[in-house]
Amino acid sequence: MATRVLLTKNYDAELIREHFGETFAVDCQSFINIESINANHEATAETAIITSRNAINALSNQAHYDKLWVVGENTAAALQEHISTEMLVADNAKELLEIILQNSEPGAIDFWCGTSRLDFLPRSLAAAGYSVHEKHCYHTQLLGLKLEEMYDVYAFFSPTGVEGFFRENTLAPDAKVIAIGNTTAQALKLCTQNPIFTAQKPNLASIAECIKYNAYA
């Protein structure tokens, strides 16, 4: 019987087949809903941070920058479809902080984010002398969905996705848990004692490889 996998984020069926083949029976179910915030944000700095694809439309429609600091290769690729601004890309917020500190002087910097954004980047940048202007352009709503089925492997893609899942659901003691990054892994540790494995890169290909390697561990 194929190993049953739940991705807590919606993906195209063809993309699922490309990365998982026939070995795994993969379902997708998001436990959060992203709502755009209609606000006329304007650039208040020469550079800006974007850590989620959810902020792309707002940023590309309303502001122009000399440089963007971006978390995630997929987010950067999606941004390049809309704008041609120079981008420096990191896999996670900690790496992005190091890149910013190494490649710029303290000053004003815009941060395009959701209302539930984590404190790490703005707090760390402020401590280093930067003036961070937050542009809240989306809101994350927890859906409170209750699953009727159990899975062998669960993959999580954000701390809010973790919160949304565990609001109404639990895991079997032998279920494997996959996190897209360290921040999501930390959120999972607050909700479960199941083994947690972290993908090497924040993308679906790396999630799939992590599942293939650890599903039978």
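**Exercise 1. Find the residue that Leu7 pairs with in β2, then place both strands in their sheet.**

Step 1. Look across from Leu7: its bridge partner in β2 is Cys28. This is a predicted model.

Step 2. Widen the view to the two strands. β1 and β2 are joined by five bridges and pair in the parallel sense.

Step 3. Place them in the sheet. The order is β2-β1-β9-β10-β11, an open sheet of five strands with parallel pairing.

Step 4. Mark the edges. They are β2 (24-28) and β11 (196-198), and each of these pairs on one side only.

Step 5. Add the twist. From one strand to the next, the average is 25°.

Step 6. Check how well β1 is covered. Four of its five residues are buried, so β1 is mostly covered by the cut-off of under 20% relative accessible area.

**Exercise 2. Work out how β10 is joined to β11, and which helices pack on this sheet.**

Step 1. Take β10, residues 176-179. Three bridges join β10 to β11, and the two run parallel.

Step 2. Pick out one facing pair. Ile178 stands opposite Phe197 in β11.

Step 3. Bring in helix α6, residues 159-166. α6 packs on the sheet and touches β1 (3-7) and β9 (153-156). The direction of α6 makes about 135° with that of β9.

Step 4. Bring in helix α8, residues 204-214. α8 lies across β1, β2, β9, β10 and β11. Against β10, α8 runs at about 155°.

**Exercise 3. Describe the sheet of six strands and the helix that lies across β3 and β8.**

Step 1. Read the order: β3-β8-β7-β4-β5-β6. This sheet is open, and its pairing is mixed.

Step 2. Find the edges. β3 (32-36) and β6 (86-90) are the edge strands, each pairing on one side only. The twist averages 25° from one strand to the next.

Step 3. Zoom in on β5, residues 67-71. Five bridges join β5 to β6, and these two strands run parallel. Within β6, Glu86 stands opposite Lys67.

Step 4. Add the helix. α6 lies across β3 and β8 (131-142), at about 25° to β8. α6 also touches β1 and β9 of the five-stranded sheet.

**Exercise 4. Decide whether Thr160 is buried or exposed, and list what it touches.**

Step 1. Locate the residue. Thr160 lies in helix α6.

Step 2. Apply the cut-off. Thr160 has a relative accessible area of 16%; buried means under 20%, so Thr160 is buried.

Step 3. Set aside neighbours within four places in sequence. Thr160 is then in contact with Ile32, Ser116, Thr140 and Leu142.

**Exercise 5. Classify the packing of α6 with α7 and of α4 with α5.**

Step 1. Start with α6 and α7 (residues 182-189). Their axes are 8 Å apart, at an angle of about 25°. Angles under 35 degrees count as roughly parallel, so α6 is roughly parallel to α7.

Step 2. Give the hand and the residues. α6 passes α7 in a right-handed crossing. Pro159, Val162 and Phe166 of α6 meet Thr183, Thr184, Ala187 and Leu188 of α7. By class, that contact has five nonpolar, two polar and no charged residues.

Step 3. Turn to α4 (residues 93-103) and α5 (residues 120-127). The angle is about 25° and the axes are 10 Å apart. α4 and α5 are therefore roughly parallel to each other. Their crossing is right-handed.

Step 4. Name the residues that meet. From α4 come Ala93, Lys94, Leu96, Leu97 and Ile100; from α5 come Phe120, Leu121, Ser124 and Leu125. Sorted by class, seven are nonpolar, one is polar and one is charged.

**Exercise 6. Classify the packing of α1 with α8 and sort the contact residues by class.**

Step 1. Read the geometry. The axes of α1 (residues 13-20) and α8 come within 9 Å and cross at roughly 45°.

Step 2. Classify. α1 and α8 are therefore oblique to each other. The crossing is right-handed.

Step 3. List the contact. α1 brings Leu15, Ile16, His19 and Phe20, while α8 brings Leu204, Ala205, Ala208, Ile211 and Lys212.

Step 4. Sort by class. The contact of α1 with α8 has seven nonpolar, one polar and one charged residues.

Methods. Residues numbered from 1 in each chain as written. Predicted model: local features only at pLDDT ≥ 70, side-chain atom pairs only at ≥ 80, totals over all residues. Heavy atoms only, no water. Axes fitted to C-alpha atoms, helices over the stretch in contact; angles between N-to-C directions. Parallel < 35°, antiparallel > 145°, perpendicular 65-115°, else oblique. Left-handed = near helix turned anticlockwise from the far one by under 90°. Contact = heavy atoms within 4.5 Å. Nonpolar A, V, L, I, M, F, W, Y, C, P; charged D, E, K, R; others polar. Pairing = 2+ DSSP bridges. Buried < 20%, exposed > 50% of the residue type's maximum accessible area, 1.4 Å probe, protein only.
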